[in-house]
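Trainee: I'm new to this one and would rather get to know one part well than skim the whole thing. Please pick a spot, take me through it slowly, and then show me what else is worth looking at.

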Amino acid sequence: MTRLFAAVAEERDGIAAEPPVYVERRAERWELDRTFVAVTAGEVVGVIFVTVSGFGFGEIAMFVAAEARSRGIGTALVGAAIGWAKARPLHKLTLSVFPQNHRAIGLYRKLGFVEEGYHPRQIRRANGELWDLIDMGLMI
Ligand SMILES: CC(C)(COP(=O)(O)OP(=O)(O)OC[C@H]1O[C@@H](n2cnc3c(N)ncnc32)[C@H](O)[C@@H]1OP(=O)(O)O)[C@@H](O)C(=O)NCCC(=O)NCCS
């Protein structure tokens with residue numbers, strides 16, 4: 001999972017994390033009971049995890065291996081997180097996404113998430129650029 005996370009961070013466009021990813025240190029922090037993975041031929045090709053707040057909502061974050069995209073894996077992972085949230089007393093799932101990440105926004109909209117907020121120049125990138133961020137949410 002962490003090696004895939006590091007590979008997606010190398011792309012420097014979809015997720016907020018950028019290199020360097022300290023793989024062993026990051027691996028120690030996974031909370032596996034709130035994480036779902038997609039596996040193909042023994043390799044992890046997709047990950048979604050839910051950070052649960054103390055106030056009834058969960059925030060999701062996800063990534064799929066570049067070579068495994070556009071095959072429904074992201075859809076299945078978000079579906080798994082929604083099913084997991086429904087089985088718990090969570091009333092809502094939230095997420096943050098860069099406005100230029102059309103594939104991710106299309107995926108989330110398809111599954112019922114709606115835009116709830118816009119944060120101009122929220123995320124400082126390693127090159128100094130300040131990127132906007134959209135909040136999306138889904139009532140469970
Ligand atoms: C975003 C991401 C998780 C999607 O995973 P995926 O496995 O490719 O997603 P799926 O194949 O299940 O679904 C793709 C959906 O995205 C949408 N989509 C794809 N390309 C799109 C585009 N150019 N514009 C709008 N929507 C698009 C469609 O709704 C599509 O579903 P459909 O094929 O049923 O129409 C994946 O691209 C990824 O890991 N990207 C890099 C990391 C990242 O951006 N993570 C999310 C951070 S918020």
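Mentor: Start at Glu 18 and skip its neighbours within four places in sequence: the residues in contact with Glu 18 are then Ala 9, Arg 12, Arg 125 and Ala 126. (Contact means heavy atoms within 4.5 Å.) Keep in mind that this is a predicted model, where local features need pLDDT of at least 70 and side-chain atom pairs count only at pLDDT 80 or more, while totals for chains, interfaces and linings use all residues. Residues are numbered from 1 along each chain as its sequence is written, and side-chain values use heavy atoms, with hydrogens and water left out.

Glu 18 sits in the loop between α1 and α2 (23-27); helices (H or I, at least four residues) and strands (E, at least two) are DSSP runs numbered from the N terminus. Glu 18 counts as buried because its relative accessibility is 16%, with buried meaning under 20%, exposed over 50% and partly exposed in between (1.4 Å probe, protein chains only).

Look again at Arg 12: its side chain makes a polar contact with the side chain of Glu 18, at 2.9 Å. (That takes a pair of N or O atoms within 3.5 Å, one able to donate a hydrogen and the other to accept it; residues adjacent in sequence count only through side-chain atoms.) Arg 12 is found in the loop between α1 and α2 too, and with a relative accessible area of 37% it is partly exposed. Its backbone deserves a glance as well: Arg 12 is not a glycine, yet its phi is positive, about 55°.

The same loop holds Pro 20. Pro 20 is joined to Pro 19 by a cis peptide bond, with omega about 0°. Those backbone details stand out because most residues other than glycine have a negative phi, and most peptide bonds are trans. Another case is Ser 70, also not a glycine, with a positive phi near 65°. You'll find Ser 70 in the loop between β3 and α3, where it is exposed, at 66% relative accessible area.

Now move to the largest nonpolar core, which has 39 residues; Ile 60, Phe 63, Val 78, Val 97, Tyr 108 and Phe 113 have the most contacts inside it. (Such a core is a set of buried Ala, Val, Leu, Ile, Met, Phe, Trp, Tyr and Cys residues joined through side-chain atoms within 4.5 Å.) At least two residues apiece come from α1 (2-11), β2 (43-52), β3 (57-64), α3 (73-86), β4 (92-97), α4 (102-110) and β6 (130-139). The biggest giver is α3, with seven residues. Zoom in on Tyr 108: beyond its neighbours within four places in sequence, it is in contact with Ile 60, Met 62, Val 78, Leu 95, Val 97, Phe 113 and Met 136.

Tyr 108 turns up once more in the largest pocket, which 38 residues line; Gly 14, Ile 15, Met 62, Asn 101 and Tyr 108 lie nearest its centre. (On a 1 Å grid over the protein atoms alone, a pocket is an open set of points where a 1.4 Å probe fits, with protein on both sides within 12 Å along at least five of seven lines; lining residues have an atom within 4 Å of a point.) The lining of this pocket takes at least two residues each from α1, β2, β3, α3, β4 and α4, and β3 has the largest share, six residues.
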